[in-house]
Amino acid sequence: MKIHKGDTVQLMVGKDKGKTGKILRLMEKDMAVAVEGLNLYKKHVRPKRQGEKGETIHIARPVSISNVMLMCMSCKRPARLGYRIEESETGGQKDRTKRRYCKRCQHII
Ligand SMILES: [Zn+2]
């Protein structure tokens, strides 16, 4: 999976095409993400008790991950992703971390 929860992505389809938001939920099984504030639909919530008012809430409808692009916060454009392995050593323990970076500006995402 190239994208993670909390990443900022741009939506490539639908009524919110071109808008950006943070990933709220990642559904790996469905290869889908729910993006904060994007692709919202209204859901009517029934009152739980008598005498209470029902309300309408907005829920982010999941979209396929193929319909979002990870944003580079440095150049503020959809990123062309690259990967590099960073090696570090702490207390004799070697660590290898895979990092994503923007091929355009080399910024680590
Ligand atoms: Zn960039």
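Strand β7 is mostly covered in this predicted model: of its 5 residues, 4 are buried. The strand spans residues 68-72, and a good way to get to know the structure is to follow what β7 touches. On one side, β7 is joined to strand β1 (residues 8-11) by 3 bridges, and the two run antiparallel. Within this pairing, Val-9 has Leu-70 of β7 as its bridge partner. On the other side in the strand order stands β8, which is joined to β7 by 2 bridges, again in the antiparallel sense. Here Met-71 stands opposite Pro-78 of β8.

These pairings belong to a wider arrangement. An open sheet of 6 strands runs in the order β6-β3-β2-β1-β7-β8, and its pairing is antiparallel. The edges are taken by β6 (63-64) and β8 (77-78); each has a single partner strand, so one side of each is left without a neighbour in the sheet. As a reminder for anyone new to sheets, strands pair through backbone hydrogen bonds, in either a parallel or an antiparallel manner. Further along the order, strand β2 (residues 20-27) and strand β3 (residues 32-35) are antiparallel partners over 4 bridges. One residue pair to look for there is Ile-23 with its bridge partner Val-35 in β3.

Two of the loops in this sheet hold a backbone feature that is easy to check in the structure. Between β2 and β3, the loop contains Met-31, whose phi is near 55 degrees, a positive value in a residue other than glycine. Met-31 counts as partly exposed because its relative accessibility is 42%; the partly exposed class lies between 20% and 50%. The loop between β7 and β8 contains Lys-76, which is not a glycine either but has a positive phi of about 55 degrees. Lys-76 sits in the turn of the hairpin formed by β7 and β8, which has 4 residues between its strands. With a relative accessibility of 56%, Lys-76 counts as exposed, since the cut-off for that class is over 50%.

Strand β7 also helps to shape the largest pocket. What is the volume of the largest pocket? The computed value is about 150 Å³. Its lining is made up of Lys-2, Ile-3, Ile-65, Val-68, Met-69, Leu-70, Ala-79 and Leu-81. Strand β7 gives the most to this lining, with 3 residues. By character, the lining divides into 7 nonpolar residues, no polar ones and 1 charged residue. Leu-70 thus appears twice in the picture: in the lining of the pocket and as the bridge partner of Val-9.

A zinc ion provides another landmark. Which residues are its protein donors? They are Cys-72, Cys-75, Cys-102 and Cys-105, each through its SG atom, at 2.3 to 2.4 Å from the ion. Along the chain, the donors follow the spacing C-x2-C-x26-C-x2-C. The angles among the 4 donor atoms are 102 to 121 degrees, and the site is tetrahedral. For comparison, the ideal angle for four tetrahedral donors is 109.5 degrees. Two of the donors can be set side by side for accessibility. Cys-102 counts as buried, because its relative accessibility is 0%, whereas Cys-105, at 30%, counts as partly exposed.

Cys-102 lies in strand β10, which leads to a second hairpin. Strand β9 (residues 81-90) and strand β10 (residues 93-102) run antiparallel and are joined by 10 bridges. Glu-89 has Lys-94 of β10 as its bridge partner. The hairpin leaves 2 residues between its strands, and Gly-91 in the turn has a positive phi of about 60 degrees. In a regular strand, side chains alternate between the two faces of the sheet.

Finally, some separations help to give a sense of the layout. Cys-102 and Met-12 are 90 residues apart along the chain, and their C-alpha atoms are separated by 18 Å. Lys-48 and Arg-99 are 51 residues apart in sequence, with 47 Å between their C-alpha atoms. Lys-48 itself is found in the loop between β4 (40-45) and β5 (55-60), and at 74% relative accessibility it counts as exposed.

Note on methods
Residues numbered from 1 in each chain as written. Predicted model: local features only at pLDDT ≥ 70, side-chain atom pairs only at ≥ 80, totals over all residues. Heavy atoms only, no water. Pairing = 2+ DSSP bridges. 1 Å grid on protein atoms, 1.4 Å probe; cavity = no way out; pocket = protein on both sides within 12 Å on 5 of 7 lines; lining within 4 Å. Points joined across faces, edges and corners; volume = space filled by probe spheres on them. Nonpolar A, V, L, I, M, F, W, Y, C, P; charged D, E, K, R; others polar. Donors = N, O, S within 2.8 Å, 3.2 Å for Na, K, Ca; no water. Tetrahedral: all angles 85-135°; square planar, octahedral: opposite > 155°, others 65-115°. Buried < 20%, exposed > 50% of the residue type's maximum accessible area, 1.4 Å probe, protein only.
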